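The following exercises concern a pocket and some backbone features of one protein model. Work through each task before reading its solution.

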Amino acid sequence: MAEQSNITMKDIARELGVSVATVSRALGGSERISRQQRERIQAYARERGFTPNEMAGALRRTRTASSRIIGVIVPQIAHYYFSTILSGIEAEASLRGYRIMVAQSDERYEREVRICQSFLAQRVCGVIVSQAKDTMHYDHFRQLMDCGVPLVFYDRICTGLNTSRVVVDDYQGAYTAVDYLVQTGCRRIAFYGSDMHMEISKNRYNGYRDALLHAGITPTDSLYHECDNRLAAEQLTPQVMGSAERPDAVFAVNDDTAVGVLHAVKRMSLRVPDDVSICGFTNGERAVACDPMLTTVEQRGHRVGEEAVGILVEHVEGVLPISTARRKVVKTRLVVRGTTRPIQQT
């Protein structure tokens, strides 16, 4: 007979790589958990002296504390891409019987940490998050995981943790866009990107670089610029376009930056796309609200949000162990509009 112990449901969840909610449901015989998973958890509990009375008490406490609320961290709610992801998250969560609690990090690490602490206090069942631009340390995310709260990252992922994630094919999207610019006759293509510590920045730059190399064009440092918002693009572009070897195209990491480039070059009396072609990455409302309308890579944010919820719910309901990281890549597509020239026929 197993000895009595002070083992808790949290201990069981950590050892078996599942959520506390999954342990609770398994010990209560819930059919929402697979029979194999139920038997595995129940056997582990019996072997370590987690008695029926302790189970009942733990289940009562868990029912009181548990929720079907998903915490969502958004860097900037006003950003078109993040707002479409949030829309997808809310729609899919509602279909699955969950509610969402949304918080904006405003691109600040300290605020992101406080949000995670708040979500723990609110006892959310899981968290969907895109990290802030300046996040370099991940203890606040580890704390959530240590407490049995599953995480799913989207867009800006945390490579330092083994967590589930949903991203778009940033590399292929950038490669396709730059390859198209090359086919239209562009040869000096500038890259406006974000800080390289973020995975999306690396992937989009690598796609840009490889497309140039495939076309026999050597990438040059002078054409790389860390610039990822409209104001910065409007300030930087006159200097870039005033150089002796002016770029004949700009590939920007997002539409906001691309629109900033467009406004700047038009004020310089440069013709778009005859003098300079411009391509963005998002396909938001700004892409069709400018003149000429913007060629861009469509990210399909609503689908990203739906996929993130689907994976998180699998973690919460015990279908997918927390220790198993699932990675989903959503395909992009190039949307050609007026800021680029037609492909040159050979």
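**Exercise 1.** Determine the volume of the second largest pocket and the residues closest to its centre.

*Solution.* Step 1: the volume is about 490 Å³. Step 2: among the 27 lining residues, Gln 76, His 79, Asp 228, Asn 254 and Asp 256 are the closest to the centre. A pocket is an open set of points on a 1 Å grid over the protein atoms alone where a 1.4 Å probe fits, with protein on both sides within 12 Å along at least five of seven lines; lining residues have an atom within 4 Å of a point. Grid points are joined across faces, edges and corners, and the volume is the space filled by probe spheres set on the points.

The model is predicted: local features need pLDDT of at least 70, side-chain atom pairs count only at pLDDT 80 or more, and totals for chains, interfaces and linings use all residues. Residues are numbered from 1 along each chain as its sequence is written, and side-chain values use heavy atoms, without hydrogens and water.

**Exercise 2.** State which cis peptide bond precedes Pro 273, and where Pro 273 is found.

*Solution.* Step 1: the bond from Val 272 to Pro 273 is cis, with omega near 10°. Step 2: Pro 273 is found in the loop between H11 and E9; helices (H or I, at least four residues) and strands (E, at least two) are DSSP runs numbered from the N terminus.

**Exercise 3.** Is Asn 283 buried or exposed?

*Solution.* Step 1: Asn 283 has a relative accessible area of 11%. Step 2: buried means under 20% and exposed over 50%, with partly exposed in between (1.4 Å probe, protein chains only). Step 3: Asn 283 is therefore buried.
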